[in-house]
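Here is a short tour of one protein model and its ligand. Please keep the viewer open as you read.

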Amino acid sequence: MAAVSEVSETADLPVVVIGAGPVGLAAAAHLVERGMTPLVLEAGPRAGANVRQWNHVRLFSRWAELIDPAAEKLLAPTGWQSPDPDTYPTGAEWAQLYLQPLADALGERVRFGARVEGVARRGRDRVVDAGRDTEPLTVHLADERITARAVIDASGTWGGPNPLGGDGLPAVGESASATRIGYQVPDLSDPVVRARYAGRRIAVAGSGHSALTALVAFAELAEAEPGTHVVWLLRRGQVGDTFGGGETDQLPARGALGIRAAAAVEAGRISTVTGFRTAAVEQTDDGVILVADDGRRLDPVAEVVVVTGFRPDLSWLSEVRLDLDPVLQAPRALAPLIDPNVHSCGTVYPHGARELAQPEPGVFLVGMKSYGRAPTFLAMTGYEQVRSVVAALDGDQAAAERVELVLPETGVCGGAGVFDDPAGAAEGGCCGAPAEPVTLGFGRPQD
Ligand SMILES: Cc1cc2nc3c(=O)[nH]c(=O)nc-3n(C[C@H](O)[C@H](O)[C@H](O)COP(=O)(O)OP(=O)(O)OC[C@H]3O[C@@H](n4cnc5c(N)ncnc54)[C@H](O)[C@@H]3O)c2cc1C
């Protein structure tokens with residue numbers, strides 16, 4: 001039977017946080033710190049459900065950059081031991097050693113198996129003007145409605161991987177070839193997964209950090225398993241700065257990943273095909289043939305790994321009023337800061353409630369989801385976002401406006417969006433190696 005939570009005063013209502021990932025849980029910790037009531041609704045069975053999907057991947061961020069300050073304060077009295085701040089966890093370790101203990105500390109304020117299917121203004125669809133400032137929001141689960149004073153959507157974009165098709169829509173035959181195509185970095189330490197790829201020709205499509213991670217993993221496989229060969233597909237016309245900033249990246253592990261991927265390509269076990277925009281996937285007896293929109297056909301491959309980024313699911317936000325950038329599907333004021341046509345990974349100044357506010361009062365998109373299709377999100381950006389958003393919800397405009405984070409640069413200009421214009425990428429001019437070392441991390445800036 002359908003249930004409706006009855007609460008009369010909007011101020012007494014919880015702030016609903018959608019998603020118990022790193023940023024949603026951090027939002028909850030900030031709400032608790034300010035004496036507000038969070039209710040985190042998580043679709044999965046445990047904290048960090050999306051992070052656990054890439055358990056085997058080692059992050060390029062250190063623990064110091066992956067723990068939210070308010071969360072750390074909440075965890076301190078529980079006897080939680082902070083991991084070594086200078087080491088790099090895997091996705092599994094991030095979830096087990098930090099996210100799950102944080103969810104446990106939040107207790108009943110986190111509900112698992114609670115998939116949000118819609119958000120609306122109570123009694124009004126998006127067309128009705130009256131009452132948008134006074135009525136609470138309603139959060140729709142399959143058989144339950146929860147009223148909320150505000151909604152912080154931290155549901156990520158993991159559920160919306162981009163397709164192989166160069167147009168941003170599935171290529172002809174892509175769906176029919178689903179058994180040959182994977183949309184994430186495979187875990188080659190799993191014997192079953194390893195056997196799927198060992199000794200085969202594999203196509204890897206994409207140019208971001210996941211693609212580089214896959215290239216490095218497959219290069220190691222090729223060394224151990226003769227006959228393994230990787231064809232690396234790039235939509236852009238040349239490899240250019242795909243390998244990142246190397247030693248000028250302020251996140252050393254991220255720079256090192258690019259250096260390792262470049263070495264793997266150099267070693268010859270990876271063939272690079274540039275300017276390849278997949279239009280069709282044709283099935284053969286023992287694999288698929290990829291066909292580009294210019295008619296080029298590749299030799300058959302047994303497996304395809306598509307790591308071409310993600311897109312946000314906005315379908316269940318149809319009844320609230322959002323102002324999103326038409327290119328990135330990110331909050332309009334945030335988009336210019338993260339546009340991959342202009343900016344490099346991570347080269348974005350910290351931002352918060354001001355950039356994330358929506359025409360719908362009390363609704364905020366944060367975390368990975370706030371970046372829409374931009375590929376450059378860092379958890380530390382999200383922690384700063386929710387610190388500011390929660391301060392704004394608490395009426396503390398001074399704290400909401402304050403910047404308490406210095407973000408790292410990659411040492412690269414230009415990004416995915418410039419693949420048709422490599423010259424423009426080189427002239428991007430948004431960043432570069434800093435003249436002085438930059439301290440990464442959280443803390444009040446000097447006034
Ligand atoms: C392979 C890989 C490596 C990465 N490495 C780094 C790194 O080194 N450093 C870094 O800073 N970042 C890294 N990232 C980015 C990373 O994903 C984010 O920093 C972080 O996970 C984003 O947190 P989030 O809370 O915004 O979203 P997510 O982690 O995606 O969490 C979203 C949560 O919302 C839940 N959810 C989704 N839809 C609903 C719904 N409708 N109702 C209820 N719950 C829902 C999901 O189950 C999930 O638990 C990496 C990402 C990938 C894919």
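## Where H1 crosses H10

H1 and H10 cross in a right-handed sense. This is a predicted model, and in it the two helices pack at an angle of about 35°, with 9 Å between their axes. From H1, the residues Pro22, Val23, Ala26, Ala27, His30 and Leu31 take part, and they meet Ala379, Gly382, Tyr383, Val386, Arg387 and Val390 of H10. By type, the residues of this contact are nine nonpolar, two polar and one charged.

The spacing of the H1 residues is worth a look on screen. In an α-helix there are 3.6 residues a turn, so residues three or four places apart point the same way.

## A second partner for H1

Helix H3, residues 91-106, also packs against H1, again at an angle of about 35° and with the axes 10 Å apart. Is the crossing of H1 and H3 left-handed or right-handed? The crossing of these two helices is left-handed. On the H1 side the contact uses Pro22, Leu25, Ala28 and Ala29, while H3 brings Leu99, Leu102, Ala103 and Leu106. The residues in this contact of H1 with H3 are eight nonpolar, with no polar and no charged ones.

Pro22 is worth picking out in the viewer: this residue of H1 takes part in the contact with H10 and also in the contact with H3.

## H10 from end to end

H10 runs over residues 379-393. The helix has 15 residues and reaches 21 Å from its first C-alpha to its last, close to the 21 Å expected at 1.5 Å a residue. How many of the residues of H10 are buried? The count is 15 of 15, and the helix is mostly covered. Just after H10 comes Gly395, with a positive phi of about 80°.

## Around the ligand

There are 35 residues around the ligand, and Gly19, Gly21, Leu59, Gly156 and Gly367 come nearest. Sorted by type, the shell has 20 nonpolar, 13 polar and two charged residues.

Which helices each supply at least two residues of the shell? They are H1 (22-33), H9 (367-370) and H10 (379-393). H1 gives the largest share, three residues. H1 and H10 thus meet again here: both supply residues of the ligand shell, and they also pack against each other.

## H6 and its cover

Helix H6 covers residues 252-266, and its 15 residues should span 21 Å at 1.5 Å a residue; the end C-alpha atoms are 21 Å apart, which agrees. Its buried residues are Arg254, Gly255, Leu257, Gly258, Ala261 and Ala264. Among the elements that cover them are helix H5 (209-224) and strand E12 (270-273). After H6 comes Gly268, which has a positive phi, near 95°.

## Three residues to zoom in on

Leu221 sits in helix H5. Why does Leu221 count as buried? The reason is its count of 20 other C-beta atoms within 10 Å, since 20 or more is what being buried requires. Outside its neighbours within four places in sequence, Leu221 contacts Leu188, Tyr197, Ala198 and Thr228. Its C-alpha atom is 8.2 Å from that of Arg194, a residue 27 places away along the chain.

Ser61 belongs to the loop between strand E3 (38-41) and helix H2 (69-75). Ser61 counts as partly exposed because it has 19 C-beta neighbours inside 10 Å. Apart from neighbours within four places in sequence, Ser61 is in contact with Leu66, Leu251, Leu378 and Ala379. One of these, Ala379, is also among the H10 residues that meet H1. Between the C-alpha atoms of Ser61 and Pro85, 24 residues apart along the chain, the separation is 10.0 Å. Gln329, in the loop between strand E15 (303-306) and helix H7 (335-338), has a positive phi of about 60° although it is not a glycine. Gln329 is partly exposed, with 19 other C-beta atoms within 10 Å.

## The whole chain

Stepping back, the protein has 12 helices and 18 strands. Of its 447 residues, 47% are buried. Among contacts between residues at least 6 apart in sequence, 72% join residues at least 24 apart.

Notes: Residues numbered from 1 in each chain as written. Predicted model: local features only at pLDDT ≥ 70, side-chain atom pairs only at ≥ 80, totals over all residues. Near = placed C-beta within 6 Å. Helix = DSSP H or I, 4+ residues; strand = E, 2+ residues; numbered from the N terminus. Nonpolar A, V, L, I, M, F, W, Y, C, P; charged D, E, K, R; others polar. Axes fitted to C-alpha atoms, helices over the stretch in contact; angles between N-to-C directions. Left-handed = near helix turned anticlockwise from the far one by under 90°. Contact = placed C-beta atoms within 7 Å. Expected span 1.5 Å × (residues − 1). Buried ≥ 20, exposed ≤ 12 C-beta atoms within 10 Å, placed from the backbone.
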